[in-house]
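Reader: Hey, could you walk me through one part of this model up close? I'd like the small open sheet first, then whatever you can tell me about what sits elsewhere in the chain.

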Amino acid sequence: PRSGAASVSKGQKTELGVCVGDSTSLPDGGRLQAKIGGRYVTVLRIEGKLSCIDSICFHAGGPLGLGDIEDLDGKKCLVCPWHFYKIDVCTGDKYYQGMEFKDGKLVGGEWKSNGVRQRTHEVVEADGKIYVKVASGSATERVDSDGYAFDASCGERILN
Ligand code: FES
C-alpha cells in the first residue's frame, strides 16, 4: 500500500517543511535548487549529509548555489563563482585564510571564519522525500544573505 508520504508532491507544504523532491533526485554529491516563499535555496548531499543554504551569495548577489565544493580542513564549502568566497554549507560561515610570517615570508595559515554570513535552513529526509523549512526571520537575527535572498518580483519578505 502507498504510504502518506509517497503521495506528497514537490512544492507541497507539510509539517516537515516544503517538499523539494524525491530522495532519488538528490544522490550523494548532488544538489537541488528550489524557490521557497520567494527565497532561492540550494539543497546539497555531501558524503551523505544533507544541508540547505541560501543560493544567492551575501557578498554581491552571485550564484553561490552553483559553486564548486571545496573541503577546508573537513568543512565542506561552496565556492562562489564570482569572487571565490568559501561558505560552509552546514553553518553559513564565510572562511578566509589567515596569513602568517614564517622565515621572513608571508604564507597562508589556518582557515578562520569571519562569521555566519549566509543563511542556512533546516532540511530533513523522510520516506524517500526531502523537506526544507526556510528559517523565519522573525525568530532569528538578520544574516547578510537575507538582503539578496528574495526574488524582487515576488514582493515577499520575511525579514526587514
Ligand atoms: Fe559571491 Fe562575491 S558575489 S563572492
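**A close look at the three-stranded sheet**

Author: Let's start with a pairing: strand 3 and strand 4 (residues 39-46) run antiparallel, and six bridges join them. Keep in mind that this is a predicted model.

Those two strands make a hairpin with two residues between them. In the turn you'll find Gly37, whose phi is positive, at about 55 degrees. If you want to trace the pairing residue by residue, Ala34 has Val41 in strand 4 as its bridge partner. Arg31 is matched with Leu44, also in strand 4.

Zooming out a bit, the hairpin belongs to an open sheet of three strands, in the order 3-4-5 with antiparallel pairing. Strand 3 (31-36) and strand 5 (49-54) are the edge strands; each has a single partner strand, so one side of each goes without a neighbour in the sheet. From one strand to the next, the twist averages 25 degrees.

Now for the side chains. In a regular strand they alternate between the two faces of the sheet. Strand 3 has a covered face made up of Leu32, Ala34 and Ile36. Its uncovered face carries Arg31, Gln33 and Lys35. Put that together with the pairing: Ala34, bridged to Val41, is on the covered face, whereas Arg31, bridged to Leu44, is on the uncovered one.

Moving on to the cysteines, a disulfide is a covalent bond between the sulfur atoms of two cysteines. Here the count of disulfides is zero, with a cut-off of 2.5 Å between sulfur atoms. Take Cys90: the nearest cysteine sulfur belongs to Cys77 and is 9.2 Å away, so Cys90 is in no disulfide by that cut-off. Cys90 counts as partly exposed because its relative accessibility is 36%. Cys80, on the other hand, has a relative accessible area of 2%, which makes it buried.

One last stop is Tyr96, which lies in strand 9 (residues 93-102). Tyr96 is partly exposed as well, given its 33% relative accessibility. Setting aside neighbours within four places in sequence, Tyr96 is in contact with Glu110, Trp111, Lys112, Ser113 and Asn114. With Asn114, the separation is 18 residues in sequence and 7.2 Å in space, going C-alpha to C-alpha.

Note on methods
Residues are numbered from 1 along each chain as its sequence is written. This is a predicted model: local features need pLDDT of at least 70, side-chain atom pairs count only at pLDDT 80 or more; totals for chains, interfaces and linings use all residues. Side-chain values use heavy atoms; hydrogens and water are left out. Helices (H or I, at least four residues) and strands (E, at least two) are DSSP runs, numbered from the N terminus. Buried means under 20% relative accessible area, exposed over 50%, partly exposed in between (1.4 Å probe, protein chains only). Contact means heavy atoms within 4.5 Å. Two strands pair if DSSP finds at least two bridges between them. Axes are lines fitted to C-alpha atoms, for helices over the stretch in contact, and angles run from 0 to 180 degrees between N-to-C directions.
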